[in-house]
Amino acid sequence: AHHVPAGVPIVSVTKGIENDTLLRPTQVIADVLGERTPLVALSGPTIADELARRLPATACAASEDEALAKRVQQVFTCLWLRVYTNTDLTGVELAGAMKNVIAVAAGIIDGVGAGDNAKAALLARGLAEITRLGLAMGARELTFAGLTGLGDLVTTCISPKGRNRSFGERIGQGRTVEEARRATESVVEGISTCKSVVALAARHGVEMPITQAVYDVLFDGKPVRTAIDDLMSRRLKPEWESNAAGVLGGV
């Protein structure tokens with residue numbers, strides 16, 4: 001902490017949730033550097049090699065300090081990267097982490113050849129359960145319909161370059177978790193994040209059937225086909241249900 005001058009803003013580009021503490025990246029930074037550290041999360045559908053090639057992209061600078069978010073917006077915006085602002089730091093970080101779990105599921109769908117209908121359903125229902133947990137943790141619903149929610153989810157789940165989707169695809173093709181991990185370049189964030197999200201869902205009493213299914217496959221050895229069948233045979237219900245927090249996707 002003594003290497004960082006007091007008052008210097010920190011921009012986090014990390015996506016995840018710490019396993020033991022269940023803290024988001026900016027919460028981890030604040031724990032190390034102090035609660036008064038100015039913090040911003042820069043997140044969104046930003047595949048690294050496309051950014052390196054200066055292909056058009058968008059991102060979101062999120063901070064509870066709107067003026068600070070605008071400063072980061074000005075610094076990072078350029079001809080090929082358009083940055084928006086958001087004061088829902090909790091929602092932006094949760095969305096960026098949880099989409100990696102759904103991306104693993106998307107890869108599994110690809111690996112078993114379940115088709116485009118299944119992939120579309122996964123994205124829609126995956127976003128619904130991400131939103132449910134986010135609202136339970138104090139995030140705003142609109143955040144999950146934006147760049148760091150729907151936008152990042154779509155990119156991560158359809159891009160052939162995504163390591164979480166690629167890892168899941170290998171699982172769907174019949175490889176073990178360890179085999180799929182070794183065959184995937186770089187870190188597969190969705191594996192460890194899945195543990196954290198399941199723990200957060202239990203803490204807040206939120207049902208997340210897709211995330212739980214991914215957990216069961218990765219950590220309990222549940223067969224992929226059984227996991228899919230169990231999801232498809234769940235109790236029938238409305239697509240949308242209302243509660244005190246607003247309109248939520250049916251569980």
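## A helix enclosed, and two domains in contact

The buried residues of helix H7 pack against six partners by name: helix H4 (89–112), helix H6 (147–158), helix H8 (177–183), helix H9 (189–204), helix H10 (209–219) and helix H11 (224–232). Helices (H or I, at least four residues) and strands (E, at least two) are DSSP runs, numbered from the N terminus. Buried means under 20% relative accessible area, exposed means over 50%, and partly exposed lies in between (1.4 Å probe, protein chains only). Contact means heavy atoms within 4.5 Å.

This is a predicted model, in which local features need pLDDT of at least 70 and side-chain atom pairs count only at pLDDT 80 or more, while totals for chains, interfaces and linings use all residues. Residues are numbered from 1 along each chain as its sequence is written, and side-chain values use heavy atoms, with hydrogens and water left out.

Stay with H7, residues 163–172. Of its 10 residues, 7 are buried, so the helix is largely enclosed by the rest of the structure. The buried residues are Asn164, Arg165, Ser166, Phe167, Gly168, Ile171 and Gly172.

Now look at the loops on either side. Serine 159 lies between H6 and H7. It counts as buried, at 9% relative accessibility. Leaving out residues up to four places away in sequence, serine 159 touches Ile47 and Arg165. Arg165 is itself one of the buried residues of H7. On the other side, H7 is followed by glycine 174, with a positive phi near 110°. Arginine 175 sits in the loop between H7 and H8. Its relative accessible area is 38%, which means it is partly exposed. With residues up to four places away in sequence not counted, arginine 175 touches Arg170, Ala180 and Ala183.

The next loop, between H8 and H9, holds serine 186. Its phi is near 70°, a positive value in a residue other than glycine. Serine 186 is exposed, at 54% relative accessible area.

Helix H5 covers residues 116–136. It has 21 residues and reaches 30 Å from its first C-alpha to its last, close to the 30 Å expected at 1.5 Å a residue. That expected span is 1.5 Å times one less than the number of residues. Glycine 138 follows H5, with a positive phi near 95°.

Turn to the strands. E3 (residues 57–62) and E4 (residues 81–86) run parallel, joined by 6 bridges. Strands pair if DSSP finds at least two bridges between them. Alanine 61 stands opposite threonine 85 in E4. E3, helix H3 (residues 66–76) and E4 form a right-handed β-α-β unit. Right-handed means that, with the strands pointing away from the viewer, the path from the first strand over the helix to the second runs clockwise.

Finally, the domains. The protein is divided into domain 1 (10–89) and domain 2 (97–233). These bounds come from an automatic or database domain assignment. The domain centres, taken over C-alpha atoms, are separated by 22 Å. In contact are 20 residues of domain 1 and 21 residues of domain 2. Together the domains bury about 1,600 Å² between them, 58% of it on carbon and sulfur atoms. In domain 1, Ile17, Leu22 and Asp88 lose the most area to domain 2, together 35% of what that side buries. Buried area is the accessible area (1.4 Å probe) that two parts lose on being put together, summed over both.

Leucine 22 deserves a second look. It is found in the loop between strand E1 (10–12) and helix H1 (25–33). Its phi is positive, near 60°, in a residue other than glycine. Leucine 22 is buried, with a relative accessible area of 10%.
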